[in-house]
Amino acid sequence: MTGPLSRSAAVAAVVATALATGLLAGTTAAADGEASLRVHDIQGATRISPYAGKQVAGIEGVVTGVRTYGSRGFWIQDPQADDDAATSEGVFVFTSSIPTVAVGDAVQVSGLVGEYVPGGLNSGNQSVTQISKPTVTVVSSGNALPEAEHINEYSVPELYAPQGDAAAAGSINGLTLDPSTYALDYYESLEGMNVRVGTSRVVGATDPYAELWVTVKGWENNTRRGGTLYGSYESQNTGRLQIQQLAPLAQQPFPVANVGDKLTGITEGPLDFNQFGGYTLVARTLGTLQTKVLEREKTKAQKPGELAVATYNVENLDPSDAQEKFDALAKAVVENLASPDIVALEEIQDNNGAKNDGTVAADQTLVKFTDAIKAAGGPAYQWRSIDPENNKDGGEPGGNIRQVFLFNPERVSFTDRDAGNATTATGVVADGGHAALTHSPGRIDPANTAWEASRKPLAGEFVFRGRTVFVIANHFGSKGGDEALTSHHQPPVRSSEAKRLLQAQAVNTFVKDLISVQRNAKVVVLGDINDFEFSGTTKALTDGGALYPAVNSLPRSERYSYVYQGNSQVLDQILTSPAVKNFTYDSVHINAEFADQNSDHDPQVLRFLP
C-alpha cells in the first residue's frame, strides 16, 4: 500500500522530459526488493506513477481483458487490494503485438513503467499508467476474475474535478486523488480495474468507431428526448461514461444505438482512458440493447404572414457525395424543416470537393442540392453566395467550404446590390432613411485577422412582403485544439475561444452599424457558431443588446443542436435584433441523437412576423 504522494521533483522531471510520442518513460533501474511490488504501489495515489521510468519485476495479477487491435495489450488486476481507495489495483500491459495471454490467466509481469498520454503531451489529456516492453510468465489459467467495481449513481461523486494546482500550470496530476469527492478522481482511482455498469441510458449514439456513451445517473440534466444536457461549464455531467468492446467487430458487431436507448443488464470490463473520450469501459461483457423509438422531429410550417429562416450545416457537401446524401438532406429541408423561406447552409464545398486543384466555384454542388429539394417536393430555391479564395477559409484542404443562402423566390426576394468578391467588405449605408448594404451578397470585414483560415460571414438583404430583413450567415472557427473536459488541466484550456471571441465582436459591430442607421432594422444572425449559448462568444455577439440568442426562448431541456461525448449542447444558433419580435424557435432534432446521420448537426428554424 502506498500513502498519499506529493508531486515530487523526480516525477516532475520525468513528465517534463517525456517523449513527444506521449510515452513517459525513463531508464532508472529498479531498486533492490522491488520484485515484491504490487499493482497499487505502481499506480500510487496521484495520476503519475511513483515508478514512472523504472523497471519493475514480478508484478502479479489476473488478466481481466485482452485487446488485440489498436493499442494492443492486456489488463491485469491484483486480487490482493490495499485499503487505500485512491490507489488502483489494475494496470495496462502494453505489448505492441497481439498478446498471448487469456482472460483468467494469473501472470507475473516485468517491464518498464511509464505514463502514456493518448494524443500526445500537447493534447492536455491525462496519462495512462502502463507497463511496456513486458516479460510475461503465466502462472496458472482459468482463475476467477476480481469482482468488478460497480460504477453507479451512488458511487460517482457530484463534483467533477478538483481545481488545478496553480503552481503546476493548473494541472491536477500531482494532487492526491480524492475519489469520494471528485468524479475524475473516482474514475482515475479505478484506472485499469475491472468495472461494471448496470442498465444505463444511452446519451451518445453509436459512432463510426464502434463506441457509444451512457449515463449511470439517469436523473442528471436530462434532455426531453433522453440525452444529458451540457448547460454550463460547471455542468460536465459526471455520470457519462464511454463504452467500447474488446471483441473485434468481425467477431461481434457493436450495437447500433440512438440517444434514449438502453444498455440493459451488465456491461463489464477494464476501465481505460483514451484520446477520444477519456475514461472508457472497454467491455468484455456487453449489455443487451433495448431500443426506444426516437422520432426525427418535424417543425411546424410557417404561416402565410410569417418568414421562416433556418440554418443547416450539411457537413462538407460536394458533388462526389452519394446521391443518397443529397436526397436525405433535401428530404430534411422539405419534410423536417417545412421548406423555410431562407436557408443558410454551412459547409458547402466546391465543385470537386477535397480535390485540391484550385477550384473554388460551388455551382454544381448547389444545382445538385436544389434539384434534390425540388425532387423531394420542395420549392425551386435560388441561391446567393461568394466563392472564397482557394484554401483561405479553413475546413478540409481543397474543399473550400462556404456559407450559402437558399431562398424561395415565391415567398421572398433577394436584393442584389453590387455583389462583392472574397476580399471585398460589405458595409452599411443609409438609403432613404433605411439601412442598406453596400454589397449584397457581401462578406463582413474579410481582411480582419479574426477570419484567418476561417469562414467569413455572408451578409444579404432580403425583402418579405415589402419589409427588408438582413441575414448574416456564419461559420465560426472550430473548437480544434481545445482540451477535453477530462484534461489534466482543470479547468481545461479552451484555446480556440480567442478566435471566436474576435469573430463575434466583428459581427456584433456590424449589427450595431445596421441598428445605428436604422433603429428598427430586422437582423437575423445565424449559423454554426461553434460555441455554447453561455459562452464568451455568445456574450460578445449579444453585447449592448444588439442581438438575442433565440435558443434561450426554449425550455432548457431542448437547448442543443449537437451531441459530443454524451453531452447534448448548443453549437448552432440563430440570434435576432431587438426589432425581430414575436418569434418562435425550434431546434429540429434529426441528426445529432442518431447513429444514422445525414449531418452531425441539428438544423435550427426561426419563424416571425416582419
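The paragraphs below walk through a predicted model, taking its sheets, helices and cores in turn.

Start with the nine-stranded sheet. It is open, its pairing is mixed, and its strands follow the order β7-β8-β13-β14-β11-β10-β9-β12-β15. At the edges stand β7 (149-150) and β15 (288-290), each of which pairs on one side only. Strands of a sheet pair through backbone hydrogen bonds, and the pairing can be parallel or antiparallel.

Strand β10 is a useful place to look within this sheet. On one side, β10 pairs with strand β9 (residues 200-204) in the antiparallel sense, over three bridges. R201 has T215 of β10 as its bridge partner. Strand β11 (residues 240-245) also runs antiparallel to β10, and four bridges join the two. Here W213 stands opposite Q242 of β11. Are the two faces of β10 (residues 212-215) covered or not? Both are covered: L212 and V214 are buried on one side, and W213 and T215 are buried on the other.

From β11 the sheet can be followed to β14. These two strands pair in the parallel sense, again over four bridges. Q242, already met opposite W213, has T280 as its bridge partner in β14. The sheet thus shows antiparallel pairing between β10 and β11 and parallel pairing between β11 and β14.

T280 leads on to N274, a residue of strand β13 (residues 267-274). Is N274 buried or exposed? Its relative accessibility is 13%, and buried means under 20%, so N274 counts as buried. Leaving aside neighbours within four places in sequence, N274 is in contact with P118, Q242, Q244 and T280. Two details of its side chain can be picked out. One is a polar contact with the side chain of T280, at 3.3 Å. The other is a reach of 2.9 Å to the backbone nitrogen of F276.

Next come the nonpolar cores. The largest has 29 residues, and I151, Y187, L212 and L241 are those with the most contacts inside it. At least two residues of this core come from each of α3 (183-189), β8 (194-197), β10, β11, β13 and β14 (278-283). Which element supplies the largest share? That is α3, with four residues. I151 shows what such a position looks like: beyond its neighbours within four places in sequence, I151 is in contact with V156, Y186, Y187, L190, V195, R196, V197, V216 and L241. There is also a second, separate core of 26 residues, which includes I342, F407, F414 and A473.

F407 can be found again in another sheet. This open sheet has six strands in the order β18-β19-β17-β16-β32-β31, with mixed pairing. Its edge strands are β18 (382-385) and β31 (584-587), which each pair on one side only. Ignoring direction, neighbouring strands are turned by 20° against each other on average. β18 and strand β19 (residues 402-407) run antiparallel and are joined by four bridges. In this pairing Q382 stands opposite F407 of β19.

Two helices belong to this part of the account. Helix α5 (residues 363-375) lies across β16 (307-317), β17 (342-348), β18 and β19, and runs at about 40° to β19. The buried residues of helix α4 pack against β16 and α5. Those buried residues are K325, F326, L329, A330, A332, V333, V334 and N336. The length of α4 can be checked by simple reasoning: at 1.5 Å a residue, the 14 residues of this helix (residues 323-336) should span 20 Å, and because the end C-alpha atoms are 19 Å apart, the two values agree. After α4 comes A338, whose phi is positive, near 60°.

Finally, turn to L37, in the loop between β1 (23-24) and α2 (39-43). Its relative accessibility is 9%, so L37 counts as buried although it is in a loop. Apart from neighbours within four places in sequence, L37 is in contact with Y51, V56 and I59. V56 is 19 residues from L37 along the chain, and their C-alpha atoms are separated by 7.8 Å.

How values were computed
Residues numbered from 1 in each chain as written. Predicted model: local features only at pLDDT ≥ 70, side-chain atom pairs only at ≥ 80, totals over all residues. Heavy atoms only, no water. Buried < 20%, exposed > 50% of the residue type's maximum accessible area, 1.4 Å probe, protein only. Pairing = 2+ DSSP bridges. Contact = heavy atoms within 4.5 Å. Polar contact = N/O pair within 3.5 Å; in protein donor to acceptor, adjacent residues only side chain to side chain. Axes fitted to C-alpha atoms, helices over the stretch in contact; angles between N-to-C directions. Core = buried A, V, L, I, M, F, W, Y, C linked by side-chain atoms within 4.5 Å. Expected span 1.5 Å × (residues − 1).
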